[in-house]
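Trainee: I am new to this structure. Please take me through it in questions and answers.

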Amino acid sequence: MSKYDRYKEEVLRCSQRLFAEGFNVGTSGNVSVLVEGEEAVAVTPSGRPYLDLSPADICVARFDLGVIEGQWRPSVETGMHVAVYRGRPDAGAVIHTHQRYASVLAIIGKPLPPLFDDQALNLGPGARLVPYAPSGTPDLAANVAAKLADRANAYLLQSHGALVLGADLAEAYRNATLLEHCCRVYCDALATGSEVTPLPEQLAAALGFALRAKQDAAAARRSGG
Ligand SMILES: [Zn+2]
């Protein structure tokens, strides 16, 4: 038993669910959750098949990427996850996927505009494109860090996939599914050749304001404020 067990179980459950639901193929994608009160995360290991994992296979790594627990190497994208936790004090969990429709937009270089009210309220002002850098590099982590100030909960990694965050893993999972739904509808709408109508700007701004208030409350809870 270790104090990290509950985090490992949570990461395992979420990563296997995302795999079963087709958000990732093979060993792609990665899931992490912040350890309360520490600069550390529980994160999926690199290159291990999801369905073969047990809680003991989930890694615990410090923000400096040093391993605290685990027999495997932490995901190569752990640095990108840490960049999110450092840049966004409201983030309690981070998910990176190669989910299909977000990936379609990521390879045609089209950000997701704000289309629906539940999207604006949960994901923020659309999902912007993070410029390409090779997987697992500090450059990719830096490109992500440079986008976080817009307070969105979802981003598209150009020519790669999706990155979502949430106050906890349940919220991050919901955000990944909501992002996929919105990207799918947007791709279908683009395919009709008709003009796509984004949310009225005022409404998107008001919903974005409500999201930021929710994020501020999550950050305050985390810092004990
Ligand atoms: Zn990836």
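The exchange below goes from the whole chain to its parts.

Mentor: This is a predicted model, in which local features need pLDDT of at least 70 and side-chain atom pairs count only at pLDDT 80 or more, while totals for chains, interfaces and linings use all residues. Residues are numbered from 1 along each chain as its sequence is written.

Trainee: What is the radius of gyration of the chain?

Mentor: The chain has seven helices and eight strands, which are DSSP runs (H or I, at least four residues, for helices; E, at least two, for strands) numbered from the N terminus. The globule rule, 2.2 Å times the number of residues to the power 0.38, is compared with a radius taken over C-alpha atoms. For 225 residues the rule gives 17 Å, and the chain is close to that, so it is as compact as a globular protein of that length; its radius of gyration is 17 Å.

Trainee: How many of the residues of strand E8 are buried?

Mentor: A residue is buried if 20 or more other C-beta atoms, placed from the backbone, lie within 10 Å of its own, exposed if 12 or fewer, and partly exposed in between. Strand E8 covers residues 161-166 and is largely enclosed by the rest of the structure, because the buried ones number six of the six.

Trainee: Which strand joins E8 through five bridges?

Mentor: Strands pair if DSSP finds at least two bridges between them. E7 (residues 154-157) pairs with E8 in the antiparallel sense over four bridges, and the two form a hairpin with three residues between them. Five antiparallel bridges, with Thr 97 opposite Ala 162, belong to the pairing of E8 with E5.

Trainee: Which helix gives the most to the largest nonpolar core?

Mentor: Such a core is a set of buried Ala, Val, Leu, Ile, Met, Phe, Trp, Tyr and Cys residues joined through C-beta atoms within 7 Å. The largest has 56 residues, of which Leu 156 and Leu 179 touch the most other members. Eight residues come from the helix that gives the most, residues 169-192, which is H6.

Trainee: Within what arc do the buried residues of H3 fall?

Mentor: Helix H3 (residues 100-108) has Ala 102, Leu 105 and Ala 106 buried. The arc is that of the directions from the helix axis to the C-beta atoms. These buried residues line one face of the helix, because seen down the axis of H3 they fall within 105°.
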